[in-house]
Structure formats: structure tokens, C-alpha cells
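Trainee: I am new to this structure and should be grateful for a close look at a single part of it. Please choose one element, describe it with care, and then show how the rest of the chain is arranged.

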Amino acid sequence: MNGYAMETWTLNPLPFRLDVDQLQQKLHVRAGSANEAEFRRLVAEATAIARPKAIYRTAFIEAKEDEAVIIAGIRFASRVLRVNLDAINRVFAFVATSGRELEAWAAARDGLLDRFWADAINQAVLISAVGSLRAHLSERFAVPQLMVMNPGSLADWPLREQRALFRLLGDVEAAVGVTLTPSLLMTPTKSVSGIFFPSEETFASCQLCPREACPNRRAPYDPELFAKKYARMETP
Ligand code: SF4
């Protein structure tokens, strides 16, 4: 059922698709092996059980400071977010999750290998579901290209900003079953929070993140980008 209250929407279930061949290759499960049968059984089970969901809110930017933006009355402190939203008035705040159903399923797997695969399958469901949310927003709001920022992905926009994001979205737990731990991580762990924004330029936080050997890197690190685009103008 898809529902809404005010400008906040819930997508439940959020569509997803698992490319089992691609996932099998990524996880080095050899074709024709006994492992392959077990792996494919797990993928089929997860596909039947998974119920990813998302809550999102369209919100207008009310003010722009040097290193923060005020969105629907809530202040978000990040120079990078501020610059990325320079020419924009409306954003899409969201939390998406692969869901408690799949989390419980993954936690109940026995054995190291099954647990490892279940975790990877769960992650793949989340990635696909977030892609569905992006496609839904693009189509519904006629925005050809959406970029995203996630609190906690850069020192410039730390994890403590989760509080502001969750406040903006309202009762996230009731809508999609996602809660924040005292250390501001999300439960279920296979959840993503952030702000989608329209942009003609491509942006990924990874461009500003020097972390080496990150398995989730989506773009190469650009050591000059921060100074070129996000450094504060010194006042004379
Ligand atoms: S490189 Fe890794 S840690 Fe850094 S922003 Fe990208 S996904 Fe996050």
C-alpha cells in the first residue's frame, strides 16, 4: 500500500530486483559447485521474504547560511550540502530500508558462509530498493537527475545530523520500522538515510572521501575538489 500524509510519503513495498548471476560472480560462488545450489536457494528465499520500504518527504529550503541550510524549519549543518543546494529550492529527504523481515531472516542463518551470503544478499536488496526510490522520485517529480548526500558519509556532514533528518521525516519507525541507536546508526542496519537533490552535475560523497580500499566506493577520490568547489570564500 502506498500512502501519504501532508508531503511525507511511504512506499511499502519498494520494488527491488536481484541479479543472481551478477551477485554470484561478485561473491565468487563457482558455477556448478555445491555452494552454488545453496547460494541460489538463499537468494530465492530472500527474494520471497524481503519487503523493502521507504519514507520520503518533499521539503523546501527556507534559508541558506555559509555552512548550513534550513529545510522546513530544521537546520542542516554542512558546507558541502550548502554548496550542492546552491541553485535549488526543493529537496527529497528519505530513509530506505531492506526491511525488518529480511534482517530477521539474515540473523537466523546458520554457519559463517550462509551468514556472509545473507548479509551480501540483504545489501544487494537495499541497493536495488534505493535505486527504485530514486527512479520513483525522478518520474513522479519530473527530475531528470538526482544526486544524494547521506549524513555520516563525510566529516563535513557527520552522523549526528541523523537527528535532524529523522525529525524532518516524522515518525520513521511507524512508517518503515527504522530506528536510531544511541550512537545514531540505523536499525535495521541495511538502511540508508539522506537527501536527494536535483543536479545537472554528478556528485558522490566518495569524490571527497580519501578512504582507501572502501568496498562501496562509487566514484574516485578527487583531492582537489573540496578546495575548488567547497572551500569557504575568505572575507577581506
Ligand atoms: S569511499 Fe566509502 S566511506 Fe567514503 S564516502 Fe564512499 S562509500 Fe562512504
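Mentor: A definition comes first: helices are DSSP runs of H or I with at least four residues, strands are DSSP runs of E with at least two, and both are numbered from the N terminus. By this rule, P13 falls in the loop between β2 (8-11) and α1 (20-26). The model is a predicted one.

The part I propose to examine is helix α5, which covers residues 112-140. It belongs to a chain whose secondary structure comprises eight helices and ten strands. How far apart should the ends of this helix be, at 1.5 Å a residue? Its 29 residues should span 42 Å, and the C-alpha atoms at its ends do lie 42 Å apart, so expectation and model agree.

Next comes the question of which residues of the helix are buried. A residue counts as buried when at least 20 other C-beta atoms lie within 10 Å of its own. In α5 the buried residues are W117, A118, I121, N122, A124, V125, L126, A129, V130, L133 and L137. An α-helix has 3.6 residues a turn, so residues three or four places apart point the same way. With this in mind, the reader may follow W117, I121, V125, A129, L133 and L137 along the helix, all of them among the buried residues.

S128, also in helix α5, is a useful contrast. This residue counts as partly exposed, because 18 C-beta neighbours lie inside 10 Å, and a buried residue needs 20 or more. Beyond its neighbours within four places in sequence, S128 is in contact with F16, R17 and L18. Its C-alpha atom is 22 Å from that of P220, a residue 92 places away along the chain.

The helix also has a part in the interior of the chain. The largest nonpolar core contains 53 residues, and A54, A93, F94 and L133 have the most contacts inside it. Helix α5 is the greatest contributor to this core, giving ten residues. L133 is one of the buried residues of the helix, and it appears again among the residues that A54 touches: L11, L14, F94, V95, A96, L133 and V176, with residues up to four places away in sequence left out.

Beyond the end of the helix, the chain enters the loop between α5 and β7, where A142 lies. Just after α5, this residue takes a positive phi of about 50 degrees. Most residues other than glycine have a negative phi, and most peptide bonds are trans. A142 is therefore worth noting as a residue other than glycine with a positive value. It counts as exposed, because it has 8 C-beta neighbours inside 10 Å. A213 also has a positive phi, near 55 degrees, and is found in the loop between β10 and α8 (225-230). With 5 other C-beta atoms within 10 Å, A213 is exposed.

The backbone has two further features to record, both of them at prolines. A cis peptide bond, with omega about 5 degrees, joins N12 and P13. Another joins T187 and P188, with omega about -5 degrees, and P188 is located in the loop between β9 (186-187) and β10 (191-198).

The loop that follows β7 (146-149) and leads to α6 (162-169) holds E161. E161 is buried, with 23 other C-beta atoms within 10 Å. Its contacts, apart from neighbours within four places in sequence, are F76, A77 and P151. E161 and F76 are 85 residues apart along the chain, yet their C-alpha atoms are separated by 6.9 Å. F76 is also touched by L81, together with V69, M149 and W157, again without residues up to four places away. L81 itself is in helix α3 (residues 79-84), and its C-alpha atom lies 8.7 Å from that of D156, 75 residues away along the chain.

Such pairings belong to a wider pattern: among contacts in the chain with a separation of 6 or more, 71% are between residues 24 or more positions apart. As for the whole, 32% of the 236 residues count as buried. The chain has a radius of gyration of 19 Å, which agrees with the value near 18 Å for a compact globule of 236 residues.

Note on methods: Residues numbered from 1 in each chain as written. Predicted model: local features only at pLDDT ≥ 70, side-chain atom pairs only at ≥ 80, totals over all residues. Rg over C-alpha atoms; globule rule 2.2 N^0.38 Å. Buried ≥ 20, exposed ≤ 12 C-beta atoms within 10 Å, placed from the backbone. Contact = placed C-beta atoms within 7 Å. Expected span 1.5 Å × (residues − 1). Core = buried A, V, L, I, M, F, W, Y, C linked by C-beta atoms within 7 Å.
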